[in-house]
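Student: Could we go through this model together? I would like to see how each label is earned.
Tutor: Happily; let us look at it first.

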Amino acid sequence: MTESHIVFYDLKLPNDPNFAWSPNTCKTRFTLNYKGIPYKTVWLTFFEVHSEIPKLTKSDRMPTIPVIVDKLHGDKVVQDSWEIAKYLDEAYPDTPRLFNNDLGTQLFFYNYCTKNILLQVFKLVLPNLLDKTGDMREWYVTSREAMFKTSLENVMGDPEEQAKILAGFLEPIGAILKEYPYVNGQQVACNDIMLAGYLHMLFVFRPDLFDTIVLNNQKSGKHFNDWWKKMEKYIKQE
Ligand SMILES: N[C@@H](CCC(=O)N[C@@H](CS)C(=O)NCC(=O)O)C(=O)O
């Protein structure tokens, strides 16, 4: 067995341990898969994120995951999926690259996906996610309502309407995939990994909607379908 270079902290649902679902951590999982860097997952619940992560980061920054500890480079700790992607490109230069002197445009696309795609996917999967929060449900509802400054019912809104909005946000990306095999053109870039991380949450919680809104989207035709098939090899647990 290959020895893992990276310890990767992922988010565990109380009723579903060892199940990769979190969009933020999936961005890093898929990054590690794409780069072929051997890693070991440590699964934390939301409560453990708050108790364990500050011990690693030794900072008063809000504890979130993904976090990695790079055992090959002096136990370097990196927090945040975007920072981790940039770090791994530098620390492991012999692995497939995610950036090619295009940080600004990739950041623009990443922010577009976070603001639009991730938010819409979250609204659509929220009832399914809540069903899996087990004894953390009360904490989860209270903390998310504080984050959104409104009730989760308001956040969810009308699912049909939310699905239409998501389809609209995907449309300009479908137009890229109509012309090119990947978001940045001929090769996988960080953009593809980030987008796959966000869409993966819809795939695992609402495969029916993933099928209609993403894979068989009326406007984007089969282009997302072709892209997802190419990305599938990076969308796996170690
Ligand atoms: N921008 C950050 C977002 C990280 C994030 O929000 N992670 C969530 C898990 S999906 C978290 O750790 N949340 C802790 C909490 O909500 O208390 C990234 O991309 O790494």
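Student: Where is the place of Asp-80?
Tutor: Keep in mind that this is a predicted model. Asp-80 is found in the loop that runs between strand S4 (76-79) and helix H3 (81-91). Its phi is positive, about 95 degrees, although Asp-80 is not a glycine.

Student: What makes the pair of Asp-80 and the ligand a polar contact?
Tutor: An N or O atom in the Asp-80 side chain is 3.2 Å from a nitrogen atom of the ligand. The cut-off for a pair of N or O atoms is 3.5 Å, so this pair counts as a polar contact.

Student: How do you know that Lys-27 and Tyr-110 make polar contacts too?
Tutor: For Lys-27, a polar side-chain atom lies 2.9 Å from a ligand oxygen atom. For Tyr-110, the distance from a polar side-chain atom to an oxygen atom of the ligand is 3.4 Å. Both values are within 3.5 Å, so both pairs qualify.

Student: How much of the ligand does the protein bury?
Tutor: The protein buries 83% of the 510 Å² that the ligand exposes when taken alone.

Student: Why is the ligand said to sit in the largest pocket?
Tutor: The label requires more than half of a molecule's atoms to lie within 2 Å of the pocket's grid points; the ligand is assigned to the largest pocket, so it meets that condition.

Student: Which residues are closest to the ligand, and which helices supply the shell?
Tutor: The ligand is surrounded by 16 residues, with Lys-27, His-50, Ile-65, Ser-81 and Arg-144 the closest. At least two shell residues come from each of helix H1 (23-35), helix H2 (46-57) and helix H5 (137-148). By type, the shell has 8 nonpolar, 5 polar and 3 charged residues.

Student: Why is the ligand said to lie between domain 1 and domain 2?
Tutor: Because domain 1 (6-91) and domain 2 (103-234) both give residues to its shell, the ligand lies between them.

Definitions and conventions:
Residues are numbered from 1 along each chain as its sequence is written. This is a predicted model: local features need pLDDT of at least 70, side-chain atom pairs count only at pLDDT 80 or more; totals for chains, interfaces and linings use all residues. Side-chain values use heavy atoms; hydrogens and water are left out. A residue is near a molecule or strand if one of its heavy atoms lies within 4 Å of it. A polar contact is a pair of N or O atoms within 3.5 Å; within protein, one must be able to donate a hydrogen and the other to accept it, and residues adjacent in sequence count only if both atoms are side-chain atoms. Accessible areas come from the Shrake-Rupley method with a 1.4 Å probe; for residues, only the protein chains shown count as cover. On a 1 Å grid over the protein atoms alone, a cavity is a set of points where a 1.4 Å probe fits but cannot get out, and a pocket is an open set with protein on both sides within 12 Å along at least five of seven lines; lining residues have an atom within 4 Å of a point. Helices (H or I, at least four residues) and strands (E, at least two) are DSSP runs, numbered from the N terminus. Ala, Val, Leu, Ile, Met, Phe, Trp, Tyr, Cys and Pro count as nonpolar, Asp, Glu, Lys and Arg as charged, and the others, Gly among them, as polar. Domain bounds come from an automatic or database domain assignment.
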